[in-house]
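Here are a few worked exercises to try with the model open in your viewer. Have a go at each task before reading its solution.

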Amino acid sequence: MPSYKLTYFNGRGRGEPIRLMFAAKGVPYEDNRIEFKDWPQMKASTPLGSLPILEINGKQKLVESKAINRYMAREFGFYGKNNMESTRIDIVTEIIADIWSKLTDAIFEKDEAKKAKQLKKVFTETGPKKLEFLEKFLGENDGGKSYFVGTSITLADIDFIHVMSYYLFPGQNDNGLDKYPKLKALLQRASANEKIAAWIAERPVTQF
Ligand SMILES: N[C@@H](CCC(=O)N[C@@H](CS)C(=O)NCC(=O)O)C(=O)O
């Protein structure tokens, strides 16, 4: 088995779908967490001046989180059984990435008034529009009784678990999935996967 080293900040962010896949597959790896205070001196030594980086066998250095996600999903069997399934997984992950991008823009906005406005827009416009589509999309697969694509967990479900850990923002959007019963049930089902649940319980608690 290859040896894996994931370098990312000490947070969930763009590193967490990768960690969730290692957990779901039960594959050991080095979870190299960088503290923000140590980043400035390390930045210049990285290929793109950003993280995550996934090193395989101490040789290949993979960059770009979405490319790493897809590489891992292909390696670990989380990328569907054929081209159509992989493409349906891409559709879900790209939609989720749109929510994630608006959400993180808002979360990291320093101006509190702007931040509140942006968060409200994500919770009342951007998010619901995308989630409505995903609720229907999920229903097309097995009536929404299993997972986004096929009958086992894929990158689509893993990305969904991850981004929902931000979207269901405590005190502001806890009930953000109430209008989407299939998505809500999927989140519970996928998060209850024994290995994923164990990782979520044991991972370092970080704000983001
Ligand atoms: N497109 C890149 C973006 C990577 C990125 O911006 N990473 C952020 C953390 S989520 C980072 O390294 N920020 C520190 C910096 O840019 O100095 C990817 O998806 O991997």
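**Exercise 1.** Which residues does Tyr 180 touch, not counting residues up to four places away in sequence?

*Solution.* Start with the contacts: Tyr 180 touches Leu 131 and Glu 135 once residues up to four places away in sequence are left out; contact here means C-beta atoms, placed from the backbone, within 7 Å. This is a predicted model, so local features need pLDDT of at least 70 and side-chain atom pairs count only at pLDDT 80 or more, while totals for chains, interfaces and linings use all residues. Residues are numbered from 1 along each chain as its sequence is written.

Next, place Tyr 180: it sits in the loop between helix H6 (155-167) and helix H7 (181-191). Helices (H or I, at least four residues) and strands (E, at least two) are DSSP runs, numbered from the N terminus.

Then check burial. Tyr 180 is partly exposed because it has 19 C-beta neighbours inside 10 Å; the cut-offs are 20 or more other C-beta atoms within 10 Å for buried, 12 or fewer for exposed, and partly exposed in between, with C-beta atoms placed from the backbone.

Last, try a distance: Tyr 180 and Ile 196 are 16 residues apart in sequence, and their C-alpha atoms are 22 Å apart in space.

**Exercise 2.** Find the strands that E1 pairs with, and say in which sense.

*Solution.* Take E2 to begin with: E1 (residues 4-9) and E2 (residues 30-34) run parallel, with 5 bridges. Pairing requires at least two DSSP bridges between the strands. Along this pair, Phe 9 stands opposite Ile 34, and Tyr 8 stands opposite Arg 33.

Now turn to E3 (residues 53-56), which pairs with E1 in the antiparallel sense over 4 bridges. There, Lys 5 has Glu 55 as its bridge partner.

**Exercise 3.** How many residues of domain 1 are in contact with domain 2?

*Solution.* Get the bounds: domain 1 is 4-76 + 196-202 and domain 2 is 83-192, taken from an automatic or database domain assignment. Their C-alpha centres lie 22 Å apart.

Count the contacts: 11 residues of domain 1 meet 11 residues of domain 2.

Then see where the domain 1 side comes from. H1, helix H3 (65-76) and helix H8 (194-202) each supply at least two of its residues, and H1 gives the largest share, 5 residues.

Conventions: Contact = placed C-beta atoms within 7 Å.
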